[in-house]
Amino acid sequence: MPLNLSGKAMLAGVMGHPVAHSLSPRLHNYWIAQAGLDAVYIPLAVSPEEVREAFRLLPKMGFRGWNVTVPHKETAFQQVDIRSESAIATGAVNTVYVQEDGSLRGDNTDIYGFISNLKSQAGDLSPYRARALIIGAGGAARAVAQGLHQEGFSEIIIVNRTMSRAEALSASMPHANPRPLAWEKLPHALEETALLVNTTTLGMQGHPPLDVPLEALPKSALVADIVYTPLMTPLLSAAKARGNPIVTGLGMLIHQAIPGFQGWFGVTPAPDKGLEVFLLTDT
Ligand code: ATR
């Protein structure tokens, strides 16, 4: 089936540096084909020095909006005219909408993506709304902590190899009030944990595994990983083997993409069981 684009095709994309690794073009164009839209979503390789200019020119070129990935999410926050509550809560924008008057609205859909994926795989979160332990202190940890705070988790702990980053992240989120904890205290803190989330790159292809002894973790605790290459990370395999419920990471990417797709193209993507396999299959 040839690509069927007219001169009126709706345009969107993902801006990153680098952007070659991004799965977002495959994801959005899968949904575009499925819905039979006259639209296209392209990778936009933009260096840090060129982000401002790109933000100025893309609306003039007819783009309806775009996603923003590493390392531009904080710059994007500065460049938009209006920011959603989620964007303000994280100081980062991953989804931009060009409004009718040409102004830019910025949102952060990572929070929604994480929580929505958690609920779609684990169901009701009530049994887990006690201690949540987040491993890592980067941008992903911030979105996860914010989401769990909004979902009413009573205690949020952030454990990170570099303690000062965990402390800085906690201090910058006084409303959510996450507690920083030293890496060495992780095994002990697992005892009372109801939800364990890895937000580090550990366990990703080409990275060492996240080596946490799970003995102290209750068997009822939910274990989530935001790494999705591979889908079954060593952490998730170990958790599953001992009977813990698990949540895989690719759904977060899929769920965070839905608001942008809806906003730009006016269509809600249909749930599709083949999508994860398609995204993880090498081209
Ligand atoms: P992002 O913004 O996508 O979350 P990041 O800011 O690079 O990415 O954060 C990566 C996380 O993985 C950090 O928490 C990092 O810990 P440090 O703050 O100590 O660097 C964590 N990480 C990466 N490699 C690690 C390793 N070998 N051991 C422990 N933590 C690691």
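How far is an oxygen atom of the ligand from a polar backbone atom of Ala 140? In this predicted model, the distance between the two atoms is 3.3 Å.

**View 1. Polar contacts between the ligand and the protein.** Besides the backbone of Ala 140, whose polar atom is 3.3 Å from a ligand oxygen, the backbone of Ala 137 also takes part, with one of its polar atoms 3.0 Å from an oxygen atom of the ligand. A side chain contributes as well, since a polar side-chain atom of Arg 165 is found 2.8 Å from a ligand oxygen. The ligand would expose 650 Å² if taken alone, and the protein buries 68% of that area.

**View 2. The shell and the pocket around the ligand.** The ligand has 13 residues around it, and those that come nearest are Gly 139, Asn 160, Arg 161, Thr 162 and Arg 165. Sorted by character, the shell is made up of 4 nonpolar, 7 polar and 2 charged residues. The space that the ligand takes is the largest pocket.

**View 3. A salt bridge between Asp 110 and Lys 73.** The closest N and O atoms of this pair are 2.9 Å apart, within the 4 Å cut-off used for a salt bridge. Because Asp 110 belongs to helix 5 (residues 110–122) and Lys 73 to helix 3 (residues 73–79), the pair ties together parts that are 37 residues apart in sequence. Side chains of opposite charge can pair when their charged atoms come close. By the rule applied here, the model has 5 salt bridges.

**View 4. Two cis peptide bonds that lead into proline.** The peptide bond running from Val 70 to Pro 71 is cis, and its omega is near 5°; Pro 71 itself is placed in the loop between strand 3 (65–68) and helix 3. Thr 229 and Pro 230 are likewise joined by a cis peptide bond, with omega about 5°, and Pro 230 is placed in the loop that lies between strand 11 (222–225) and helix 9 (234–241).

**View 5. Backbone geometry at Asn 177.** Although Asn 177 is not a glycine, its phi is positive, at about 50°. Asn 177 is found in the loop between helix 7 (163–171) and strand 9 (179–182).

Methods: Residues are numbered from 1 along each chain as its sequence is written. This is a predicted model: local features need pLDDT of at least 70, side-chain atom pairs count only at pLDDT 80 or more; totals for chains, interfaces and linings use all residues. Side-chain values use heavy atoms; hydrogens and water are left out. A residue is near a molecule or strand if one of its heavy atoms lies within 4 Å of it. A polar contact is a pair of N or O atoms within 3.5 Å; within protein, one must be able to donate a hydrogen and the other to accept it, and residues adjacent in sequence count only if both atoms are side-chain atoms. Accessible areas come from the Shrake-Rupley method with a 1.4 Å probe; for residues, only the protein chains shown count as cover. On a 1 Å grid over the protein atoms alone, a cavity is a set of points where a 1.4 Å probe fits but cannot get out, and a pocket is an open set with protein on both sides within 12 Å along at least five of seven lines; lining residues have an atom within 4 Å of a point. A molecule sits in a cavity or pocket if more than half of its atoms lie within 2 Å of its grid points. Ala, Val, Leu, Ile, Met, Phe, Trp, Tyr, Cys and Pro count as nonpolar, Asp, Glu, Lys and Arg as charged, and the others, Gly among them, as polar. A salt bridge is a side-chain nitrogen of Lys or Arg within 4 Å of a carboxyl oxygen of Asp or Glu. Helices (H or I, at least four residues) and strands (E, at least two) are DSSP runs, numbered from the N terminus.
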